Each structure stands twice: as C-alpha cells, then as structure tokens.
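Student: Got the model open. Can we walk through it together?
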Amino acid sequence: MIVRSFKDIENTERHVRAKSGTWESKRIVLAKERVGFSLHETVLYAGTETSMWYANHIEAVLCVEGEAELTNDETGETHWIEPGTMYLLDGHERHTMRPKTDFRCVCVFNPPVTGREDHDANGVYPLLTEEA
C-alpha cells in the first residue's frame with residue numbers, strides 16, 4: 001500500500017515545473033509504482049496558453065478548480081472547462097488550454113509517465129519507460 005500526499009512531494013523530483021513556465025505538476029503516482037497509470041495534480045497558470053499533443057499517451061483530466069478554454073486544434077471546436085468537468089484525450093488530439101484563472105486539475109496518464117517528461121516543441125511528452 002502506498003500513502004502519499006501532494007504536500008509530501010512538494011519541491012521534490014515529483015514536483016515538475018514546465019520549461020515554458022505555463023504549468024506545474026505534482027506527480028503522485030508514476031511508472032515506477034508499476035500500476036499501469038500515472039496520477040498528477042497539475043496547475044496551469046492564468047493568462048497563459050499551452051499547446052499539447054499526447055501522441056504517446058491517453059490522458060483524462062478532471063478540473064477541480066478554476067476555468068479554462070480548451071480548443072481541439074484539429075477541429076477548432078472549443079469547450080469551457082470548469083470544476084467538475086472532465087475531458088478525455090482518447091484520440092491523441094492536439095489541443096490548447098487557455099486558463100482564465102489558475103486552473104487546477106487531476107490527470108491520469110496511460111501509459112504512465114516517469115516524472116521526467118516535459119512537452120517538446122510539438123507539445124508531445126516523449127515515451128519514457130522505467131527499467132524493470
């Protein structure tokens with residue numbers, strides 16, 4: 001059994017800040033736990049814009065605080081995301097988040113991330129694995 005709090009991982013290697021300066025993520029469950037998914041709390045900062053494309057992962061996102069506009073960059077369709085709203089990137093959609101306020105969400109990734117990932121120039125997380 002693992003019991004861990006976000007407070008426990010603050011300012012550790014599990015607390016990742018994007019090079020872009022637009023978000024930070026506390027990665028509470030990672031690939032090294034070997035449970036088939038990773039679980040994160042992510043904050044995207046108000047007034048920023050982050051374009052992402054999870055070409056190697058499926059991501060489910062549940063907003064728990066704040067508001068943001070989500071754009072499907074492939075179709076141009078936009079969605080207003082607020083607390084209690086979930087979106088699932090089940091088709092590896094390229095998308096852009098534009099938080100109107102600090103936007104806190106809980107995210108699940110499959111396959112799980114290692115904790116070392118950051119978006120590349122295309123908004124993609126590389127597919128990193130843990131050694132057995």
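Tutor: Sure, one term up front: buried means under 20% relative accessible area, exposed over 50%, and partly exposed in between, using a 1.4 Å probe and protein chains only. This is a predicted model, where local features need pLDDT of at least 70 and side-chain atom pairs count only at pLDDT 80 or more, while totals for chains, interfaces and linings use all residues. Residues are numbered from 1 along each chain as its sequence is written, and side-chain values use heavy atoms, with hydrogens and water left out.

Student: Okay, His95. Buried or exposed?
Tutor: His95 counts as buried, because its relative accessible area is 1%. It sits in strand 9, residues 94–99. Helices (H or I, at least four residues) and strands (E, at least two) are DSSP runs numbered from the N terminus.

Student: What lies 3.0 Å from a polar atom of its side chain?
Tutor: The backbone oxygen of Glu93 does, 3.0 Å from a polar atom of the His95 side chain. That's a polar contact: N or O atoms within 3.5 Å, where within protein one must be able to donate a hydrogen and the other to accept it, and sequence-adjacent residues count only if both atoms are side-chain atoms.

Student: And which residues is His95 in contact with, leaving aside neighbours within four places in sequence?
Tutor: Contact means heavy atoms within 4.5 Å. On that basis His95 contacts Thr50, Ser51, Met52, Tyr54, Glu59, Leu70, Thr71, Asp73 and Leu89.

Student: Zooming out, how many helices and strands does the protein have?
Tutor: One helix and ten strands. In sequence order the pattern is α-β-β-β-β-β-β-β-β-β-β. The protein has 132 residues, and 43% of them count as buried. If you take contacts between residues at least 6 apart in sequence, 61% join residues at least 24 apart.

Student: How many cavities of 30 Å³ or more are there?
Tutor: One. On a 1 Å grid over the protein atoms alone, a cavity is a set of points where a 1.4 Å probe fits but cannot get out; a pocket is an open set with protein on both sides within 12 Å along at least five of seven lines; lining residues have an atom within 4 Å of a point. Points are joined across faces, edges and corners, and a volume is the space filled by probe spheres set on them. The largest cavity holds about 130 Å³ of space. It is lined by 16 residues, and those closest to its centre are Thr42, Leu44, Met52, Tyr54 and Glu59.

Student: Wait, some of those were on the His95 list, right?
Tutor: Yep, Met52, Tyr54 and Glu59 are among the residues in contact with His95.

Student: Which strands each supply at least two residues of the cavity lining?
Tutor: Strand 2 (23–29), strand 3 (38–44), strand 5 (58–65) and strand 10 (103–110). By type, the lining splits into ten nonpolar, four polar and two charged residues. Here Ala, Val, Leu, Ile, Met, Phe, Trp, Tyr, Cys and Pro are nonpolar, Asp, Glu, Lys and Arg charged, and the others, Gly among them, polar.

Student: And how much space lies in the largest pocket?
Tutor: About 170 Å³. Of its 13 lining residues, Leu70, His79, Tyr87, Leu88 and Leu89 are closest to the centre. Strand 6 (68–72), strand 7 (78–81) and strand 8 each give two or more residues to that lining, and strand 8 has the largest share with four. The pocket lining divides into six nonpolar, five polar and two charged residues.

Student: New topic. Why is there no bond between Cys105 and Cys107?
Tutor: Their sulfurs are 3.7 Å apart, which is too far for a bond; a disulfide is a pair of cysteine sulfur atoms within 2.5 Å. Searching the whole structure turns up zero disulfides. Cys105 is buried at 2% relative accessibility, and Cys107 is also buried, with a relative accessible area of 2%.

Student: Any backbone oddities I should look at?
Tutor: The peptide bond from Asn110 to Pro111 is cis, with omega near -5°. Pro111 falls in the segment after strand 10. Then there's Asn11, a non-glycine residue with a positive phi, near 60°. Asn11 is in the loop between helix 1 (6–9) and strand 1 (15–17), and it is exposed at 57% relative accessibility. His92 has a positive phi as well, near 55°. His92 lies in the loop between strand 8 (86–89) and strand 9, and it is partly exposed at 29%.
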